[in-house]
Amino acid sequence: MQRAHFNGATAVVTGAASGIGRSLAAELVDRGATVLVADIDGDVAEATAVDLQRRADTGARAHGSALPATVDVTDAGALSQSVGRFAAEHGGLDFMFNNAGIAVGGEVSDLSLAHWRRVVDVNLMSVIHGVAAAYPLMIEQGRGHIVNTASLSGLVPSPLLVPYSTTKHAVVGLSIGLRVEAADHGVRVSVVCPGVIETPLLDKGNPGDLPPAASMPDIRDMLTQLIGTPYPAAALARDVLDRVALNRPIIVAPRRAKAVWAAYRLAPGLLIDQSPRRIRSITARRAADH
Ligand SMILES: NC(=O)c1ccc[n+]([C@@H]2O[C@H](COP(=O)([O-])OP(=O)(O)OC[C@H]3O[C@@H](n4cnc5c(N)ncnc54)[C@H](O)[C@@H]3O)[C@@H](O)[C@H]2O)c1
């Protein structure tokens with residue numbers, strides 16, 4: 001039933017050239033959707049779409065299709081144009097996955113306004129741009145589903161990733177509030193809050209053109225210690241689409257991430273009070289490694 005939900009649907013996925021976005025696009029194509037593989041890295045978006053299309057053409061099951069688009073999600077006009085053209089050429093827009101994002105972290109005392117502006121632009125304004133592009137179309141259609149990728153960091157305290165976590169809390173707030181308004185228009189909104197997922201993001205660090213922040217943690221190492229071994233992106237994509245089909249409002253996966261969120265809701269003070277000790281041990285280890 002959850003697979004059939006996407007058969008014949010149209011979907012835009014941003015940040016679809018890598019990691020979670022790529023896996024979402026692959027799973028959507030596998031379930032029969034026509035997918036716009038949108039990414040700032042146009043060459044990789046193109047290669048991804050070609051690869052997904054080849055898999056669809058040679059697969060055993062009935063499959064959808066993949067088309068590439070070079071889009072910088074911080075450019076509202078470019079995103080809106082791309083989404084509008086795709087919807088016009090494919091008979092509407094059923095799903096908008098606002099997924100593109102970057103990690104920006106380090107101790108706040110080490111960071112400049114440039115760090116904050118970048119992460120707000122790429123992680124938050126991008127989602128607002130995606131909503132601005134898709135929501136009016138969906139209202140006009142009287143149907144559609146906006147799915148925003150936030151993070152477990154959007155639900156619980158995330159020291160050393162405060163700028164990132166700030167944007168992800170905002171994406172959660174945007175999504176759950178909009179969900180209530182959008183219901184009156186027949187439009188659905190969900191927010192995805194993944195734990196630690198095996199993608200290139202875990203090894204990227206802060207964008208290279210920003211001033212270096214010595215306290216930026218090794219994200220893979222820190223999150224593995226705090227939450228556990230990274231979960232495969234393909235498995236996450238299956239979990240997410242199954243729950244999108246059920247119109248779940250807040251999609252937290254994998255199970256370990258759900259447990260952390262549950263513990264935080266049960267005793268927020270405990271998690272906050274424990275954090276300084278755990279973070280001190282992580283930063284001390286990092287200092288010793290250097
Ligand atoms: N990997 C994790 O553990 C994890 C956990 C929780 C949430 N997330 C979130 O999942 C989303 C995807 O992350 P990922 O782990 O797959 O990372 P990734 O680095 O593998 O992929 C991110 C993709 O976004 C694209 N992108 C970056 N800036 C862009 C822009 N301005 N315009 C268009 N595309 C842009 C990149 O080119 C890349 O292809 C992000 O929003 C991230 O915050 C990731």
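In this predicted model, a polar side-chain atom of Lys168 lies 2.9 Å from an oxygen atom of the ligand. Two further residues make comparable approaches through polar side-chain atoms, and the table sets out the three pairs.

| Residue (polar side-chain atom) | Ligand atom | Distance |
|---|---|---|
| Lys168 | oxygen | 2.9 Å |
| Asp39 | oxygen | 2.6 Å |
| Asp72 | nitrogen | 2.9 Å |

The ligand on its own would expose 830 Å², and the protein buries 94% of that area. Its surroundings comprise 28 residues, of which Ser18, Asp39, Tyr164, Thr199 and Lys204 are the closest. Asp39 thus belongs to the closest group and also supplies one of the tabulated polar side-chain atoms.

**Nonpolar cores**

The largest nonpolar core holds 35 residues, and the members that touch the most others are Val13, Leu24, Leu28, Val35, Val37 and Phe97. Two or more residues are contributed to this core by each of strand 1 (10-14), helix 1 (19-30), strand 2 (34-39), helix 2 (42-58), strand 4 (95-98), helix 7 (233-245) and strand 9 (250-253). Among these, helix 7 gives the most, with 8 residues. A second core of 27 residues lies apart from the largest one, and includes Leu124, Leu160, Ile227 and Tyr264. In soluble globular proteins, nonpolar side chains tend to be buried together.

The surroundings of Val37 illustrate the packing of the largest core. Neighbours within four places in sequence aside, Val37 is in contact with Val13, Ala16, Ala25, Ala45, Thr48, Ala49, Leu52, Ala66, Leu67, Pro68 and Ala69. Of these partners, Ala45, Thr48, Ala49 and Leu52 are also among the buried residues of helix 2.

**Helices 2 and 7**

In helix 2, the buried residues are Gly42, Ala45, Thr48, Ala49, Asp51, Leu52 and Ala56. Their cover includes helix 1, strand 2 and strand 3 (65-70). Helix 2 has 17 residues, which at 1.5 Å a residue should span 24 Å; its end C-alpha atoms are 24 Å apart, so the expected and modelled spans agree.

Helix 7 can be checked in the same manner. Its 13 residues should span 18 Å at 1.5 Å a residue, and the end C-alpha atoms are indeed 18 Å apart, so the two values agree. The buried residues of helix 7 are Ala233, Ala235, Leu236, Ala237, Asp239, Val240, Leu241, Val244 and Ala245. Just after this helix, Asn247 adopts a positive phi of about 60°.

Notes
Residues are numbered from 1 along each chain as its sequence is written. This is a predicted model: local features need pLDDT of at least 70, side-chain atom pairs count only at pLDDT 80 or more; totals for chains, interfaces and linings use all residues. Side-chain values use heavy atoms; hydrogens and water are left out. A nonpolar core is a set of buried Ala, Val, Leu, Ile, Met, Phe, Trp, Tyr and Cys residues joined through side-chain atoms within 4.5 Å. Buried means under 20% relative accessible area, exposed over 50%, partly exposed in between (1.4 Å probe, protein chains only). Helices (H or I, at least four residues) and strands (E, at least two) are DSSP runs, numbered from the N terminus. Contact means heavy atoms within 4.5 Å. The expected span of a helix is 1.5 Å times one less than its number of residues. A residue is near a molecule or strand if one of its heavy atoms lies within 4 Å of it. A polar contact is a pair of N or O atoms within 3.5 Å; within protein, one must be able to donate a hydrogen and the other to accept it, and residues adjacent in sequence count only if both atoms are side-chain atoms. Accessible areas come from the Shrake-Rupley method with a 1.4 Å probe; for residues, only the protein chains shown count as cover.
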